[in-house]
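Open your viewer, pick a cartoon style and keep the selection box handy. We will walk from the sheet out to the helices and loops, one selection at a time.

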Amino acid sequence: MMTERIGFLGTGTISRAIIDGLLAEPAYANPIIVSPRNGEIAADLAAKYPQVAIAEHNQAVVDGADIVFLAVRPQIAADVIPAMRFRDGQLVVSLIAATDHVMLQQWIKANVEVIRAIPLPFVEDREGVTAIYPRNARVAELFSRIGTAIECDTRTEYDLLAAASATMALYFGQMGRIVDWLQSKGLPEPSGRAYLAAHFQSLAKVAARRPDTSLHVLSQEYATKGGLNEQVWTDFDQNGGTRVLVEALDRVLSRITK
């Protein structure tokens, strides 16, 4: 594979997770340039990895990279990206939420290939999945190094996965509420947390091991007729839990696609 220089315009949590994942052993060998905006993270990465260099300024990232990752916050993207001078032929990977190809091309103004991606924090440990749109072998190869790359064929498919990925806080929040309840009944917080973390991990493994089995069928299998699991699911579903979840996903999708 030819040597390609990767640049990160924005050096925040996700940029650091991607770089940590790429440079874990066996490490990605190509040079990586990071912007100086978050000085603490940039300095930590440069001290940790000889492949990482801190650019003097944002434009130096764009100038020095063959693949440019746009990892700035959505709130400042409209100010930061149009100020950059991209060159024809660059590959640009946007990690900016709810910002489509049309807007990105308007900001960039050069003849570049734009790929959107949704890496999640788990890439730091080379786990999890990253949705990519449109298909691109170079970008898929990079994200396959740090987990699983899912190449989407349509924007609709990509947007739906983006909406579904907005459930991380819900997942941990649900666990937190259950642990709070256990603690209120007298179980120490560390015990409740350890139990639930292993419990949910085991359930996720079942879903992964049985991809051809409907999740609704799994729900039925894990709910004995008249039993405790059936009772909790029924209470949740019939008292508005499912409705609230679907409405929340609809609102997120609307925000992504507006």
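**Stop 1: the sheet.** Select the strands and you will find an open sheet of eight strands, in the order E3-E2-E1-E4-E5-E6-E7-E8 and with mixed pairing. Here strands are DSSP runs of E with at least two residues, helices are runs of H or I with at least four residues, and both are numbered from the N terminus. Two strands pair if DSSP finds at least two bridges between them. At the edges sit E3 (52-54) and E8, each pairing on one side only. From one strand to the next, the twist averages 25 degrees. Axes are lines fitted to C-alpha atoms, for helices over the stretch in contact, and angles run from 0 to 180 degrees between N-to-C directions.

A word on what you are looking at: this is a predicted model, in which local features need pLDDT of at least 70 and side-chain atom pairs count only at pLDDT 80 or more, while totals for chains, interfaces and linings use all residues. Residues are numbered from 1 along each chain as its sequence is written, and side-chain values use heavy atoms, with hydrogens and water left out.

**Stop 2: the whole chain.** Zoom out. The protein chain has twelve helices and eight strands, and its C-alpha trace spans about 65 × 40 × 35 Å along the principal axes. Of its 258 residues, 37% count as buried; buried means under 20% relative accessible area, exposed over 50%, and partly exposed in between, with a 1.4 Å probe and protein chains only. Among contacts with a separation of 6 or more, 52% are between residues 24 or more positions apart, where contact means heavy atoms within 4.5 Å.

**Stop 3: strand E7.** Select residues 129-133. Four of the five residues of E7 are buried, so this strand is mostly covered. On one side, E6 (residues 113-118) runs antiparallel to E7 and is joined to E7 by three bridges. On E8 (residues 148-151), look for four bridges to E7, this time in the parallel sense. Which residue of E7 is the bridge partner of Ile118? Click on Ala131 to see that partner; Ala131 also stands opposite Ile150 in E8.

**Stop 4: helices over the sheet.** Add residues 137-144, helix H6. Together, E7, H6 and E8 form a right-handed β-α-β unit: with the strands pointing away from the viewer, the path from the first strand over the helix to the second runs clockwise. H6 lies across E1 (6-9), E4 (67-70), E5 (91-94), E6, E7 and E8, at about 150 degrees to E8. Now add residues 155-164, helix H7, which lies across E6, E7 and E8 and runs at about 30 degrees to E6.

**Stop 5: helix H1 and its partner.** Select residues 13-23. H1 is mostly covered, with eight of its eleven residues buried, including Ala17, Ile18 and Gly21. The cover over these buried residues includes E1, E2 (32-34), H2, E3 and H6.

Next, show H2 (residues 39-48). The axes of H1 and H2 are 11 Å apart, at an angle of about 10 degrees. The two helices are therefore roughly parallel to each other, the word used for angles under 35 degrees (over 145 is roughly antiparallel, 65 to 115 roughly perpendicular, and the rest oblique). On H1 the contact is made by Thr13, Arg16, Ile19 and Asp20, and on H2 by Ile41, Leu45 and Lys48.

**Stop 6: two loop residues.** Is Val123 buried or exposed? Find this residue in the loop between E6 and E7; Val123 counts as buried because its relative accessibility is 1%. Leaving aside neighbours within four places in sequence, Val123 is in contact with Ala17, Ile18, Gly21, Thr130 and Ile146. Try a distance label to Thr148: the C-alpha atoms are 9.0 Å apart, with the two positions 25 residues apart along the chain.

Finish at Tyr222, in the loop between H10 (215-221) and H11 (228-238). With 42% relative accessibility, Tyr222 counts as partly exposed. Beyond its neighbours within four places in sequence, Tyr222 is in contact with Leu203, Val206 and Asn229. Leu203 is 19 residues away in sequence and 9.8 Å away in space, C-alpha to C-alpha.
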